[in-house]
Amino acid sequence: MTITLETLAAVYRIAKGLIFADGDITEDETLPLSTFFKTFPDLDSDALNLLMKAGAEMSEEKACSLIKELDDDGKQQMADLFAKIICADGDVTEEEKNLYFHIQDMCELPAPSFIQDDGDSDEENSEEEIIPAFIVANYYGVASLHQSEHEDWATLGDELAEWIGCDRVEVVRFTPALNALSKELSLNERHLVFMVARNGYGDRTVGDNMTATLLYGGGYPIYGNIVFALETDQGYEIEGIRTRSLVNEVFDAVNNAVDGLLRWE
């Protein structure tokens with residue numbers, strides 16, 4: 001990997017933030033960073049001091065932008081380094097986990113290779129990522145999976161409305177039940193939401209969707225079909241679920257929360 005001193009300073013900036021994240025600095029946490037710097041034989045003590053000073057003064061945004069410019073091998077190396085730092089003491093806190101996922105998104109890093117390597121074949125791993133998926137739950141309690149590559153709301157919103165049989169949708173977010181599910185699922189700077197018909201269903205005959213009613217809370221019944229999605233914490237952008245495993249985790253968590261009212265189509 002070819003890397004500039006400025007980018008090394010950026011690596012120091014991000015690594016230092018991860019080391020300090022849990023407020024308990026150990027030698028185990030600093031070792032991956034010092035080992036990484038030792039892979040650069042021309043990096044003498046003077047140069048190291050200069051880059052550490054530059055890194056300490058660098059903003060997180062600037063550091064992430066520099067790391068994001070690395071090639072694929074460089075990004076994989078950074079993903080592994082940062083993950084090793086938070087895992088070094090054997091106790092990954094919520095603060096460390098949230099910061100790591102934040103950095104992973106900002107720098108556009110892949111998953112750490114030592115986590116990816118779970119004994120599956122390359123083909124099986126490649127199948128893990130899917131076209132963004134949304135779980136539609138009708139008022140009979142039957143769930144089905146719909147997928148879309150559209151990201152702009154003008155197009156995606158129309159698709160979601162079509163899937164649940166209405167003209168427009170509105171988002172239900174941050175209810176106590178949904179908040180608990182988002183926390184349980186440890187979503188990466190995202191939260192779980194569901195969408196319902198914005199202006200009702202007019203003359204269409206629909207029933208009480210007990211799954212939606214329970215997740216909404218407050219004793220107010222929700223009628224018709226709904227669709228589950230993710231929403232970003234920043235910007236409130238609706239997204240689909242991007243891995244098979246998370247689809248199953250979301251379905252299982254929701255179904256457990258509503259006492260098994262749902263079943264796959």
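Analyst: Welcome! Two strands are said to pair if DSSP finds at least two bridges between them. This is a predicted model, and in it A137 of β1 stands opposite A143 in β2.

User: What makes β1 and strand β2 a pair?

Analyst: Pairing needs at least two bridges. β1 and β2 (residues 142–147) have 5 bridges, running antiparallel, so the definition is met. In their hairpin, 4 residues lie between the strands, and G141 takes a positive phi near 90°.

User: How do you know that β1 pairs with strand β5 too?

Analyst: The two strands share 3 bridges, and they run antiparallel. The cut-off is at least two bridges, so they pair. I135 has F228 in β5 as its bridge partner.

User: What makes β7 a partner of β1?

Analyst: Strand β7 (residues 241–243) is joined to β1 by 2 bridges, again antiparallel. At least two are needed, so this counts as pairing. E129 stands opposite T243 there.

User: Why is β1 called largely enclosed?

Analyst: Of its 9 residues (129–137), 7 are buried, so the rest of the structure largely encloses the strand.

User: Why is C64 in no disulfide?

Analyst: A search of the whole structure finds 0 disulfides. For C64, the nearest cysteine sulfur belongs to C107, 3.5 Å away. A disulfide needs the two sulfur atoms within 2.5 Å, so this pair does not qualify.

User: Is C64 called buried or exposed, and why?

Analyst: Its relative accessible area is 1%. Buried means under 20%, so C64 is called buried.

User: What makes C87 partly exposed?

Analyst: C87 has a relative accessible area of 35%. That lies between the 20% and 50% limits, so C87 is called partly exposed.

Methods
Residues are numbered from 1 along each chain as its sequence is written. This is a predicted model: local features need pLDDT of at least 70, side-chain atom pairs count only at pLDDT 80 or more; totals for chains, interfaces and linings use all residues. Side-chain values use heavy atoms; hydrogens and water are left out. Buried means under 20% relative accessible area, exposed over 50%, partly exposed in between (1.4 Å probe, protein chains only).
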